[in-house]
Amino acid sequence: QLEYFQMVDAITGFDNDAGTISVTSTVPEESPVFQGHFPGMPLLPGVLLIETMAQTSGFLVLGRT
């Protein structure tokens, strides 16, 4: 699903009163985003981590409204 830039796989927890959300996000090891990001020790690029947080925040806003 990374090819479609959908980073959040599932919402695993949501607490409307506390304003918190938990999600899972899995990027396959063979994904091209790891090319050049430390072969042998793949590291997800920071811009994709930020995108995952942005999508998670969007789900939190949807849940709270």
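How many residues lie between β1 and β2 in the hairpin, and which residue in the turn has a positive phi? I began my notes with that. The model is predicted, so I read every value below as computed from it.

**Entry 1: the hairpin**

I looked at the turn. β1 and β2 make a hairpin, and four residues separate the two strands. Gly-19 sits in that turn with a positive phi of about 70 degrees.

Next I checked the pairing. β1 covers residues 10-15 and β2 covers residues 20-24. The two strands run antiparallel, joined by five bridges. I picked out one pair: Phe-14 has Ile-21 in β2 as its bridge partner.

**Entry 2: the whole chain**

I stepped back to the overall order. I find one helix and two strands in the protein chain. From start to end of the sequence, the pattern reads β-β-α.

What does the C-alpha trace span along its principal axes? I noted about 45 × 20 × 20 Å. The radius of gyration is 14 Å, whereas a compact globule of 65 residues would come near 11 Å.

I then turned to burial and surface. Of the 65 residues, 23% count as buried. The chain exposes about 4800 Å², and carbon and sulfur atoms supply 60% of that area. For contacts with a separation of 6 or more, I noted that 47% join residues 24 or more positions apart.

**Entry 3: the nonpolar patch**

Which residues make the nonpolar surface patch? I listed Ile-11, Phe-14, Phe-59 and Leu-62. The patch has an area of about 390 Å². Strand β1 and helix α1 (46-64) each supply at least two of its residues.

I went back to Phe-14, since the patch includes this residue. Phe-14 belongs to strand β1. Is Phe-14 buried or exposed? Neither label fits: its relative accessible area is 40%, so Phe-14 counts as partly exposed. That value falls between the 20% limit for buried and the 50% limit for exposed.

**Entry 4: Thr-24**

I moved to strand β2, where Thr-24 lies. Thr-24 is partly exposed, because its relative accessible area is 34%.

Which residues does Thr-24 touch, not counting those up to four places away in sequence? My list reads Met-7, Val-8, Asp-9, Ala-10 and Thr-12. I also checked the backbone spacing to one of them, Ala-10. The C-alpha atoms of Thr-24 and Ala-10 are separated by 5.4 Å. Along the chain, these two residues are 14 residues apart.

**Entry 5: Gln-55**

My last stop was helix α1, where I found Gln-55. Why does Gln-55 count as buried? Its relative accessible area is 16%, and buried means under 20%.

I then looked up its contacts, leaving aside neighbours within four places in sequence. Gln-55 is in contact with Phe-5, Gln-6, Met-7 and Val-8. Met-7 and Val-8 were already in my notes as residues that Thr-24 touches.

Conventions: Residues numbered from 1 in each chain as written. Predicted model: local features only at pLDDT ≥ 70, side-chain atom pairs only at ≥ 80, totals over all residues. Heavy atoms only, no water. Pairing = 2+ DSSP bridges. Patch = residues over 30% accessible without salt bridge, like charges linked within 9 Å, V, L, I, M, F, W, Y side chains within 5 Å. Areas by Shrake-Rupley, 256 points an atom, 1.4 Å probe, with all protein chains shown as cover. Salt bridge = Lys/Arg side-chain N within 4 Å of Asp/Glu carboxyl O. Buried < 20%, exposed > 50% of the residue type's maximum accessible area, 1.4 Å probe, protein only. Contact = heavy atoms within 4.5 Å. Rg over C-alpha atoms; globule rule 2.2 N^0.38 Å.
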